[in-house]
Amino acid sequence: MREAKALPLSITGQETEEPTLKEQVTVSTNSSIVPRTNNYKRWMRIVLSTVLVLAGQATGTLLGRLYFEKGGKSLWLATLMQLSGFPILILYYCLSSLRKPTVAGSGTSPSPSAVALASVYVSLGLIVATYCFLYSIGLRYLPLSTYSLISTSQLAFNAFFSFFLNSQKFTPFIVNSLILLTMSSVLLVSNEDSSTRNRVSRGKYAIGVVCTILASAGNGLDLALAQFCFRKVIKSNSVPALMDFVIYQSLVAASVIAVGLFVSGDWKGLKGEMEEYELGKVSYIMVLVWICILWQGFAIGSTALLFEVSSLFANSVTVVALPIIPVLAVIFFGDRMGCVKVVAMLLAIWGFISYAYQHYLDDQKPSSEHTTSVNNEA
């Protein structure tokens, strides 16, 4: 009888061990599936943000040139249109906050103080207002190819500032990307037609070059500081944090440019400018509206790439759009397209792929280490 009683005990012991083994299998499979799904969602967000950056910058730049070529003269208005699209985000922000109310005491990291956030938004907003106005000067006085070339220097400026502010590491793939993007820009300037410089005086041409270089430096500094502030001050990668950053930064920048528009007196000539616009009043309004929408999409995409990957990656995507601008200029403005511009565009795409592949390798490292550790435990 004792042996008969002992047998069921051993059987029940095996039965209790089997569910634990199944639970371990399910836990290990779930732990391997969840990172993969999160990786796919992250790369989908990166792709969507990249499309916003490329479409926003390339098309917005072409429309900015169209504004100046067809009779637009106000630098303040052209800059204001780049920054005044944030009310669209305010509407989306209000609707999303009504659908998803915040829950207090969620156990997250403490939110930064209002003074710290205000200082971040105001300082970065002033930087954005400054380099956007400088970009408008360069876009007005320089040919598109020259403008695109000088704008690529923002990648070097951003790498310099990110090295000190964000401890940016330079791997062989990143260095290869920087070299290829720089080569594409050099090819563009070597293909520049000398007759394009006769459109403006030498003084205005020099002003355009200097202003575009300073704007590129300001853009690189802004992205590096934004990444630093997200990591040290804001400490959140959520969508509301992104919306707050874009809205308040754009609000400060647009307010500064709006004050400049009225103080300079350019607002008095806007009515006559619209009436004398070569494409008509409706086209004048539509050009300004689409400049506003496209540059706002660029701001959202670049900020999203900033905390999804890094400020240097966001700047690399921005540089990719610059060789595309001369190609679009051929289609819409009738510029000549040579083999040099085609090679420059291919080099820029190759450089971007090199940089993206480095981040793909970085994403694969944690998952591979996780799978090896699981296999060793098994």
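**Figure 1. Aromatic pairs, starting with two Phe rings.** In this predicted model, the structure holds 13 aromatic pairs. Take Phe160 and Phe164: their ring centres sit 5.1 Å apart and their planes make an angle of 70°, so this pair is edge-to-face. The cut-off behind that label is an angle over 60 degrees. Where in the chain do Phe160 and Phe164 lie? Both belong to helix H6 (residues 153–165), and being 4 residues apart, they are separated by about one helical turn. Phe164 is exposed, with a relative accessible area of 57%, while Phe160 counts as partly exposed at 48%. The line between those two labels is drawn at 50%, so Phe160 falls in the partly exposed class.

**Figure 2. A tilted pair, Phe262 and Trp267.** Here's another aromatic pair to look at: the ring centres of Phe262 and Trp267 are 5.9 Å apart, with planes at 40°, so the pair is tilted. Are these two residues buried or exposed? Phe262 counts as exposed, at 52% relative accessibility, and Trp267 is partly exposed, at 40%.

**Figure 3. Helix H9 and the glycine after it.** Let's look at helix H9, which covers residues 239–264. How far does helix H9 reach? Its 26 residues take it 37 Å from the first C-alpha to the last, close to the 38 Å expected at 1.5 Å a residue. Right after H9 comes Gly265, and the phi of Gly265 is positive, near 85°.

**Figure 4. An aromatic cluster.** Sometimes aromatic residues come in a group rather than a pair. Which residues form one aromatic cluster? The members are Tyr67, Phe68, Tyr277 and Tyr284.

**Figure 5. The salt bridge in helix H1.** A search through the whole structure turns up 1 salt bridge. It joins the side chains of Arg65 and Glu69, at 3.8 Å from N to O. That distance fits the cut-off for a salt bridge, which is within 4 Å, so the pair qualifies. Both residues lie in helix H1 (residues 2–69), and they are 4 residues apart, which is about one turn of the helix. How do the two partners compare for exposure, buried or partly exposed? Arg65 is buried, with a relative accessible area of 5%, whereas Glu69 counts as partly exposed at 36%. Buried means under 20%, so the 5% of Arg65 puts that residue in the buried class.

**Figure 6. Arg45, another residue of helix H1.** Staying in helix H1, we come to Arg45. Arg45 is partly exposed, with a relative accessible area of 40%. How many residues along the chain lie between Arg45 and Leu305 as a separation? They are 260 residues apart, yet their C-alpha atoms are separated by 8.4 Å.

**Figure 7. A nonpolar patch on the surface.** Now for a group of nonpolar side chains: Ile88, Val282, Ile285, Met286, Val289, Trp290 and Ile293 form a patch on the surface. Together they have about 640 Å² of accessible area. Which helix gives the most to the nonpolar patch? That is helix H11 (residues 281–308), with 6 residues. One resident of H11 is Val282, and Val282 counts as exposed, at 64% relative accessibility.

**Figure 8. Arg231 and its contacts.** Arg231 has its place in helix H8 (residues 202–234) and counts as partly exposed, at 37% relative accessibility. Which residues does Arg231 touch, leaving out those up to four places away in sequence? The answer is Leu165 and Asn166. Arg231 and Asn166 are 65 residues apart along the chain, and their C-alpha atoms are separated by 9.0 Å.

**Figure 9. Stepping back to the whole chain.** What kinds of elements does the chain have? There are 13 helices and 0 strands, so reading from the N terminus you meet α elements one after another. Of the 378 residues in the chain, 43% are buried. The accessible surface comes to about 20400 Å², and 67% of that belongs to carbon and sulfur atoms. Finally, count the contacts with a separation of 6 or more: residues 24 or more positions apart account for 88% of them.

Note on methods. Residues numbered from 1 in each chain as written. Predicted model: local features only at pLDDT ≥ 70, side-chain atom pairs only at ≥ 80, totals over all residues. Heavy atoms only, no water. Helix = DSSP H or I, 4+ residues; strand = E, 2+ residues; numbered from the N terminus. Buried < 20%, exposed > 50% of the residue type's maximum accessible area, 1.4 Å probe, protein only. Expected span 1.5 Å × (residues − 1). Phe/Tyr/Trp six-rings, centres within 6.5 Å; stacked < 30°, edge-to-face > 60°. Patch = residues over 30% accessible without salt bridge, like charges linked within 9 Å, V, L, I, M, F, W, Y side chains within 5 Å. Areas by Shrake-Rupley, 256 points an atom, 1.4 Å probe, with all protein chains shown as cover. Contact = heavy atoms within 4.5 Å.
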